[in-house]
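Trainee: I am new to this structure, and I would like a close look at a single part, the contact between chains. Please take me through it slowly.

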Amino acid sequence: MKLKSIKVSCLKLPFVHTFAHSLKKRNYSDSIIVKLKTENGVTGYGEGIAREYVTGETVSASVGFIMAHIWPSIEGLDFSTLNDFVKAKDLFPFLEEIIPEGPLDFGVIAWNAARSAVEIAMIDCWLRLNNRNISDLLPPCRSELTYSGVVTSTDPEKAAKIAKHLKLSGIRHFKLKVTVDHPFEHVAAVRAALGEELSLRVDANGSFNSQQAIEFVEAVSKYKIDVFEQPIPRGDTEEFKGIRTHSKIPIMADESIVTIEDAKKLIDQGCCDFFNLRISKCGGLGKTLAIAKLAKESGVKIQLGCHVGETAILSAAGRSLAAHWEDYAFLEGSFGDLLLTEDISTTNIRFGFGGKARVLKGPGLGCSFDPQIIEKYSSETFNSENF
Amino acid sequence: MHQIDFIEEEYKKQLDAFLNSRFFQIIENGKATSDDYDQFISGICSVHLLSEQVMAQVFSISPPAAKARVRENLLCEMGLTREGDSHPNLLRKLKNGVGMSESKWAKIEEESQKLFHKLLDAPIMFSTLKEFGFSIMLEVFAFEWMLSKLARRFGNALQMHRGLSASDLEWFFIHAIKDIQHAKEAFETLSDYIEYHTFDDETVESIVEITFRENIFIKRYFGELTLAEETGAFSD
């Protein structure tokens with residue numbers, strides 16, 4: 001059964017409230033949704049989130065790469081060839097081979113958002129064609145997962161208020177976005193709101209320099225911070241390592257880890273204690289799995305993170321990945337309509353009280369997606385001729 | 001009392017944003033197109049076709065002190081008091097007055113049920129029914145409070161600018177009268193509920209803020225994209 005057509009939708013899906021961190025303030029999701037269709041009309045959905053300050057991709061460049069390079073490489077693919085791959089460890093390398101990585105231009109580090117969107121769509125499509133669930137590829141180790149709450153960097157009073165709301169919702173793990181403006185007050189206010197027992201991590205999204213990062217660690221160590229994520233910008237790994245050396249708080253890399261080469265370098269130089277892996281940032285399920293394997297073998301702990309504004313597609317993919325991993329430190333994502341004014345799945349898959357959510361059991365990624373809702377929020381669409 | 005004041009303040013914020021919204025203003029001042037009026041009527045209908053069901057939910061969780069009061073409200077919605085027709089039937093009267101096709105009405109009923117499904121399908125973010133129930137109650141009563149102030153203005157706008165008769169618009173004019181009483185009773189019921197469950201100030205404030213993190217009037221009546229337009233979500 002051959003892959004016949006593609007439709008790429010650029011979403012503009014409003015948020016319930018502004019989501020801000022040091023690098024960007026957002027009011028809407030700008031996800032790229034890929035819909036693939038086979039000859040017999042079976043469809044599959046994938047999602048990628050382009051972040052110029054992470055992978056170098058913009059939405060328009062990613063869409064261009066999908067239509068000009070990825071689609072021509074996979075159009076007409078006979079999905080029955082995938083049936084030979086019973087296990088994920090065989091399927092994902094095959095998909096990596098056929099989904100092109102380049103050319104790398106326009107300052108792009110890796111076309112990971114573009115590849116993520118197509119890879120996930122291919123997996124979803126193939127699974128639905130065979131009436132299978134993603135747990136066949138990624139057998140779960142657990143049936144229920146626990147997500148973190150995220151407190152965005154607004155003023156300390158507002159940050160404390162958001163923290164209290166999430167605490168009322170039973171959330172036990174928190175991440176606070178911090179910036180160089182008022183970082184100490186933020187942390188103090190949120191810790192006061194949460195009490196002493198709940199887990200609190202901080203994420204600077206690379207907004208500090210080394211000196212600021214070290215001073216920050218000194219000032220906030222008393223607030224029981226479990227992880228300090230991406231203290232300085234992606235770039236100098238020696239500097240990153242230097243912060244870890246001086247820090248009493250474990251260090252997590254996020255924007256510094258986009259490719260497996262990044263991972264190897266960070267591991268070899270002993271730069272961090274954790275990796276924040278995000279499916280779209282890392283280039284899809286296959287690449288994320290590969291980096292996670294490397295991390296595990298090297299003693300680096302992992303967090304499965306998310307992109308702000310992910311829809312149910314990436315949420316479902318992330319759910320299956322986290323459920324499959326024997327061990328991970330923290331889990332983010334599946335905010336659904338807590339952040340999006342409306343999510344695109346036909347059933348609501350976000351987490352509930354306590355940050356809890358169950359493994360999804362429907363065909364494909366585990367849930368269905370509503371093409372009418374996707375259409376409603378699409379600002380632009382690009383079709384292959386025969387869609 | 002201060003907790004009720006906090007709730008009423010939130011209701012006022014929701015109302016003010018609604019009154020200042022472009023869509024409300026063009027509906028009232030006659031600058032809306034006939035498609036806009038029909039979209040507004042569709043929004044009203046798809047939300048309030050659920051009124052019996054949502055009021056039944058509120059009745060089911062009412063504390064003893066509020067039970068009789070809320071039951072009366074529910075019976076009113078269902079048309080089982082002296083005053084006559086069920087409120088959803090009054091919406092069907094509106095539909096006939098507008099000359100809406102059966103297929104269009106079927107779509108509205110479908111939208112209404114989709115909304116109901118969404119409400120039931122959402123994972124609950126509270127540990128017990130008492131908090132979740134409070135959130136439902138806050139939202140249902142917010143609409144009654146708002147309609148006590150705006151239902152007549154809506155009715156007048158549709159009469160003047162959409163050419164509908166007072167009879168077609170009975171739903172609006174009934175709510176303009178009945179919801180004055182219901183709005184007053186809403187605060188009594190909320191107060192009874194808070195007392196029954198011994199909610200502290202922080203819990204009340206948090207649930208109020210969570211419930212009203214968006215403008216529910218704009219979202220329910222005019223849709224998510226209009227809400228985004230009003231909040232400037234798409235301006236970079």
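Mentor: What follows describes that contact, and then two backbone details.

This is a predicted model, in which local features need pLDDT of at least 70 and side-chain atom pairs count only at pLDDT 80 or more, while totals for chains, interfaces and linings use all residues. Residues are numbered from 1 along each chain as its sequence is written, chains are lettered from A and ligands numbered from 1 in the order in which they are written, and side-chain values use heavy atoms, with hydrogens and water left out.

The contact, meaning heavy atoms within 4.5 Å, takes 27 residues from chain B and 24 residues from chain A. About 2300 Å² is buried between chain B and chain A, and carbon and sulfur atoms give 56% of that area; buried area here is the accessible area (1.4 Å probe) that two parts lose on being put together, summed over both.

Turning to the pairs across this interface, the rule finds 4 salt bridges between chain B and chain A, where a salt bridge is a side-chain nitrogen of Lys or Arg within 4 Å of a carboxyl oxygen of Asp or Glu. One such salt bridge joins Lys164(A) to Glu202(B), whose closest N and O atoms are 3.8 Å apart.

On the side of chain B that touches chain A, at least two residues each come from α7 (102-121), α10 (201-211) and α12 (224-231) of chain B, helices being DSSP runs (H or I, at least four residues) and strands likewise (E, at least two), numbered from the N terminus. The most is given by α10(B), with 5 residues. By class, this side of chain B has 12 nonpolar, 5 polar and 10 charged residues; Ala, Val, Leu, Ile, Met, Phe, Trp, Tyr, Cys and Pro count as nonpolar, Asp, Glu, Lys and Arg as charged, and the others, Gly among them, as polar.

Now for the backbone of chain A. Most residues other than glycine have a negative phi, and most peptide bonds are trans. The peptide bond from Gly102(A) to Pro103(A), however, is cis, with omega near 20 degrees, and Pro103(A) lies in the loop between α2 (88-98) and α3 (112-129) of chain A. Asn205(A), although not a glycine, has a positive phi of about 45 degrees, and its place is in the loop between β9 (199-203) and α6 (210-220) of chain A.
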